[in-house]
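Subject: Structure handover

Hi,

Here is the structure I promised to pass on. Could you open it first and then read my notes alongside?

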Amino acid sequence: EVCFLETDIGQPELGTPGCTSLHCVREPMLQAPHSAQLLHECSASFFAGGITPMVHPVLYMQCVRAAFDEYLAVCKRHNGRVP
């Protein structure tokens with residue numbers, strides 16, 4: 001299991017356009033990411049106001065930080081083991 005922090009809000013691999021997100025990937029990504037979205041758990045997702053950080057850069061950074069904070073919470077739930 002690995003955590004994937006999605007910060008590309010224009011062309012995301014696993015998440016929704018316009019959102020930063022944190023995904024727990026439990027299986028290899030051997031096909032186009034969008035075709036396997038349901039195989040990976042979305043732990044958190046935050047709407048950044050548009051499909052480019054230029055729309056609202058401060059909100060974008062807050063969303064990235066919130067997704068990273070969720071990653072830290074996942075680490076804590078795993079007793080400090082970093083996925």
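Below is what turned up, grouped by topic.

Some ground rules first. This is a predicted model, in which local features need pLDDT of at least 70 and side-chain atom pairs count only at pLDDT 80 or more, while totals for chains, interfaces and linings use all residues. Residues are numbered from 1 along each chain as its sequence is written, and side-chain values use heavy atoms, with hydrogens and water left out.

Let's start with the aromatics. Rings of Phe, Tyr and Trp (its six-membered ring) pair if their centres lie within 6.5 Å; planes under 30 degrees apart are stacked, over 60 edge-to-face, and the rest tilted. That rule yields one aromatic pair. Phe68 and Tyr71 form this tilted pair, at 5.9 Å centre to centre and with 35° between the planes. Both sit in helix 1 (residues 57-77), three residues apart, or about one turn of the helix. Helices (H or I, at least four residues) and strands (E, at least two) are DSSP runs, numbered from the N terminus.

The two rings differ in label: Tyr71 is buried at 18% relative accessible area, whereas Phe68 is partly exposed at 32%. Here buried means under 20%, exposed over 50%, and partly exposed in between (1.4 Å probe, protein chains only). Phe68 also joins Leu5 and Leu72 in a nonpolar surface patch of about 220 Å². Patch residues have over 30% relative accessible area and no salt bridge, with like charges joined within 9 Å and nonpolar side chains (Val, Leu, Ile, Met, Phe, Trp, Tyr) within 5 Å. The areas come from the Shrake-Rupley method with a 1.4 Å probe, and for residues only the protein chains shown count as cover.

Now inward. A nonpolar core is a set of buried Ala, Val, Leu, Ile, Met, Phe, Trp, Tyr and Cys residues joined through side-chain atoms within 4.5 Å. The largest has six residues: Cys3, Leu22, Cys24, Tyr71, Val74 and Cys75. Strand 2 (19-25) and helix 1 each supply at least two residues of this core, and helix 1 gives the most, with three. Another core, of five residues, lies apart from it and includes Ile9, Ala48, Cys63 and Val64.

What does Cys24 touch, leaving aside its neighbours within four places in sequence? Cys24 is in contact (heavy atoms within 4.5 Å) with Glu1, Val2, Cys3, His40, Glu41 and Ser43.

Finally, the charges. There are four salt bridges, each a side-chain nitrogen of Lys or Arg within 4 Å of a carboxyl oxygen of Asp or Glu. In one of them, Arg26 meets Glu1, with the closest N and O atoms 2.7 Å apart. Arg26 lies in the loop between strand 2 and strand 3 (41-47) and Glu1 in the segment before strand 1, so the pair ties together parts that are 25 residues apart in sequence. Arg26 is partly exposed at 47%, and so is Glu1 at 37%. Salt bridges that share partners join Glu1, Arg26 and Glu41 into one network.

Within helix 1, Asp69 and Arg65 are four residues apart, about one turn, and their salt bridge has its closest N and O atoms 3.0 Å apart. Arg77, which is exposed at 56%, bridges to Glu70 with a closest N and O distance of 3.3 Å.

Cheers
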